[in-house]
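Colleague: I'm new to this one, so could you walk me through its charged pairs and cysteines?

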Amino acid sequence: MRARSGPTVEHRVLAVRLRMLRERAGVSLRAAAEALDAHPATVRRIERAETGLDARQVGELLRCYGVPPAVAGPIMAGLAAANLPGWWHRWRDAMEAWQQDVIGVESSASLVRTWHHPALVPELLRTPAYAAELYRTQYPGDSPARRERRVELLRERRRRLCERGAALWALLPAAALHTRVGDRETMEGQRAALAEAMREQRVTVQVVPLDHPPHPLTGVPPLHILRVPAPEIGDQAVLETPGVRVDLIDDPEAVMAHRIRLDAACAAAPGPGTPLPV
C-alpha cells in the first residue's frame, strides 16, 4: 500500500459505490466483514476511503453482495487508478494532515466557492510573495526551504485549477486588503494580482466594504464549498476553525445549510465586477 496522502476523488467514488452496493444488497457491515474474515471497522474504512482498495478484498465484497460481472468488472478495472497517489503526494512534507483530504477533493472540483478569514486574502488568490510572508508568521519554525515548498504547493493548486477550467468564486471582507502582510510592495502586488484575477472569465470576486452591515457569514470562520462533478460525491463543505481544526463535511443537509448562508452573503455583498475599495 502507498503512503497515505489523502484519497483522490476516483478513490472516493469507488468507496461510495461499494457502500451503495452493500446497502442495496441488504448486507450488514458485520456480514461483509465476515466475508473478508476481518473486523467491521475494516469494511467501514474501505467505504470511507480511509484505506487503500485491495483487489482481493474488493473482489470478495462484490461476490458477497452478488454484484453481476457487468457491474463488478468496471469497479475492479478502476482499482489501479483509484489507488494511485494524488499529484500533491510529492508535497506531503509541506502539508498539514487536513490539507491532504481537502486538496484531494479540490483537485477535481469544477467550482470552488470561498469565504476566507476576515483579515486575509483567500488562499487561491494569494501571490507567492504574500503567501511566503504569511507562512513566515504562521509557521515560524519552518526553514526557508520548507516555506518555499508551501508556496510551490499553492502555486500548483492554482495552476491546476486554471488548467482544468474550474471556476473560483471568492467573497472577502475589505479588511483583508488593509491587513499588512509583508511590506508595501508585497501588498501592492497582491492588490494588483487581485484586480487582475477579477478580469478572468472563471474568477468571481466580491469584496464586502468595511462599512457594510452584518451579513449571514459575519463572524463565521473560513468556509469553502467544493462542487465535484461526480454524483457519488456531491458538494463538499470545508469549515475551518483557525488554529484548532478543519472539517471536511459531506452530509448533504449540513452542506446545503452552509451553501444557503454563502448564497445569502453573496447576494448581500456588492456585485461581481465592483472595483476594489481603496
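Modeller: Sure, one term to begin with: buried means under 20% relative accessible area, exposed over 50%, and partly exposed in between (1.4 Å probe, protein chains only). This is a predicted model, where local features need pLDDT of at least 70, side-chain atom pairs count only at pLDDT 80 or more, and totals for chains, interfaces and linings use all residues. Residues are numbered from 1 along each chain as its sequence is written, and side-chain values use heavy atoms, with hydrogens and water left out.

Colleague: Is E156 buried or exposed?

Modeller: E156 meets R160 in a salt bridge, 2.8 Å from N to O (that term means a side-chain nitrogen of Lys or Arg within 4 Å of a carboxyl oxygen of Asp or Glu). R160 is partly exposed at 25% relative accessibility. E156 comes out at 14%, so it counts as buried.

Colleague: Which residue forms a salt bridge with R150?

Modeller: R150 sits in helix 9 (residues 144-163), while its partner is in the loop between helix 6 (79-82) and helix 7 (97-106), so the pair ties together parts 54 residues apart in sequence. Helices here are DSSP runs (H or I, at least four residues), numbered from the N terminus. The closest N and O atoms are 3.4 Å apart, and the partner is E96.

Colleague: How many disulfides does a search of the whole structure find?

Modeller: A disulfide needs a pair of cysteine sulfur atoms within 2.5 Å. For C162, the nearest cysteine sulfur, that of C266, is 19 Å away. Across the whole structure, the search finds 0.

How values were computed. Helix = DSSP H or I, 4+ residues; strand = E, 2+ residues; numbered from the N terminus.
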